[in-house]
Amino acid sequence: MAKADQIKRLIGSYGRPSEFRAAALKIIEEEQRKGHMPLAASLKRVLDASVQVEEGSKRGLTALSNVPESAVDLVEILEPTRSLKQVVLFAEARSAIERVLEEQRRGDELRQHRLPVRSKVLLHGPPGCGKTLTAEVLARELGLPLYVAKIDVIISSLLGQTASNLRRLFDFAGRSPCVLFLDEFDAVARARSDSSEHNELRRVVNSLLVMIDRHQPRGLLVAATNLHESLDSAIWRRFDEIVELDLPDNRQIEAMLHLQFRNYQTNFELGEQVSKLAGQSFADIERICLDAIKNAVMKRRKVVSETEFAAAVKHASKRRPSRPHK
């Protein structure tokens with residue numbers, strides 16, 4: 001029968017369908033391994049009939065059910081939805097991503113010549129400029145599951161526990177073909193010279209450096225930070241590719257507008273709106289476009305008007321603080 005910790009996880013996830021289903025699938029797989037096929041089949045039928053989730057979530061839960069129990073609390077699955085053709089990137093960033101993808105796809109050929117394959121990528125730049133999206137694109141293009149590390153779970157107040165959690169995470173990623181995404185990487189890779197940090201975090205960074213050095217992923221390790229200046233100086237050389245994702249310039253803004261409105265008509269020239277979006281991030285621009293489109297749809301209009309777009313821009317400006325936080 002199911003182990004006690006599996007039952008605890010199942011009960012603890014009650015009320016959260018995705019997590020409940022993932023926990024139940026672990027129990028079903030355990031019964032299959034023990035040869036209890038009729039029981040496993042019966043449990044699967046009950047689960048499918050009783051716990052409904054979206055189709056994309058089911059694929060994600062299949063991937064999550066493949067995570068060993070030693071790491072299941074440290075990651076969550078993110079379903080990639082966009083390919084490289086569906087995102088706007090600066091030419092230099094796109095070239096770097098394409099280079100990583102090419103080496104991954106031709107990894108066997110490179111290894112035959114005893115050449116290393118790019119497998120560790122560091123993304124940095126302001127918030128909303130596509131770091132998480134880039135990780136999704138890499139996973140989608142390579143056909144790999146995308147596991148997002150739960151930084152809030154990994155970091156522990158208990159002495160030595162953070163390093164232990166990181167070790168479990170890297171052990172899992174080293175055995176599983178996947179894209180492992182470490183967002184807010186500065187939380188565990190902060191400069192050891194920072195006098196405001198305590199000795200425990202310095203020990204964590206020391207351990208992290210060793211783990212990254214020894215890590216041989218069967219996919220990609222992708223780290224991301226908004227605070228690249230806070231990273232320990234030794235971190236940078238541990239990555240095969242470093243990609244800066246900055247705020248869009250005028251050309252990128254116009255490309256983003258054309259991408260967002262590709263399936264919708266407008267009664268205004270997209271190029272004339274570029275100056276109104278200066279300083280906005282890619283995520284901000286996407287939100288503005290979606291707001292304008294939704295307003296048109298809810299008014300049952302087939303064309304997005306300039307008035308609706310202007311209203312979305314104005315609404316977005318109210319979301320931003322009037323002065324920098326200190």
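**Cavity, helix crossings and positive phi**

Modeller: In this predicted model, the largest cavity has a volume of about 30 Å³.

Colleague: What makes it a cavity and not a pocket?

Modeller: A cavity is a set of points where a 1.4 Å probe fits but cannot get out, whereas a pocket is an open set. The structure holds one cavity of 30 Å³ or more.

Colleague: Which residues line the largest cavity, and how do they divide by class?

Modeller: The lining consists of Leu-89, Phe-90, Ala-93, Cys-129, Glu-244, Leu-245, Asp-246 and Phe-282. Six of these residues are nonpolar, none is polar and two are charged. Glu and Asp count as charged, and the lining includes Glu-244 and Asp-246.

Colleague: Why are helices H12 and H13 called oblique to each other?

Modeller: The axes of H12 (residues 282-298) and H13 (residues 306-319) cross at roughly 135 degrees and come within 8 Å. Roughly perpendicular covers 65 to 115 degrees, and roughly antiparallel requires over 145. The angle of roughly 135 degrees meets neither condition, and the pair is therefore oblique. The crossing of H12 and H13 is right-handed.

Colleague: Which residues of H12 and H13 meet?

Modeller: From H12, Arg-287, Ile-288, Cys-289, Asp-291, Ala-292, Asn-295 and Ala-296 take part. Their partners in H13 are Glu-308, Phe-309, Ala-312, Val-313, His-315, Ala-316 and Arg-319. By class, this contact has eight nonpolar, two polar and four charged residues.

Colleague: What makes H5 roughly parallel to H7?

Modeller: The axes of H5 (residues 91-105) and H7 (residues 131-142) cross at roughly 30 degrees and come within 11 Å. Angles under 35 degrees count as roughly parallel, so H5 is roughly parallel to H7. The crossing of H5 and H7 is right-handed. On the H5 side the contact involves Ile-97, Val-100, Leu-101, Gln-104 and Arg-105, and on the H7 side Thr-134, Leu-138, Glu-141 and Leu-142. The contact of H5 with H7 has five nonpolar, two polar and two charged residues.

Colleague: What is notable about the phi of Glu-184, and what about that of Arg-300?

Modeller: Most residues other than glycine have a negative phi. Glu-184, however, has a positive phi near 50 degrees. For Arg-300, phi is near 60 degrees, also a positive value in a residue other than glycine.

Colleague: Where is Glu-184 placed, and where does Arg-300 lie?

Modeller: Glu-184 is in the loop between strand E4 (179-182) and helix H10 (199-214). Arg-300 lies in the loop between H12 and strand E8 (303-304).

Technical notes:
Residues numbered from 1 in each chain as written. Predicted model: local features only at pLDDT ≥ 70, side-chain atom pairs only at ≥ 80, totals over all residues. Heavy atoms only, no water. Axes fitted to C-alpha atoms, helices over the stretch in contact; angles between N-to-C directions. Helix = DSSP H or I, 4+ residues; strand = E, 2+ residues; numbered from the N terminus. Left-handed = near helix turned anticlockwise from the far one by under 90°. Contact = heavy atoms within 4.5 Å. 1 Å grid on protein atoms, 1.4 Å probe; cavity = no way out; pocket = protein on both sides within 12 Å on 5 of 7 lines; lining within 4 Å. Points joined across faces, edges and corners; volume = space filled by probe spheres on them.
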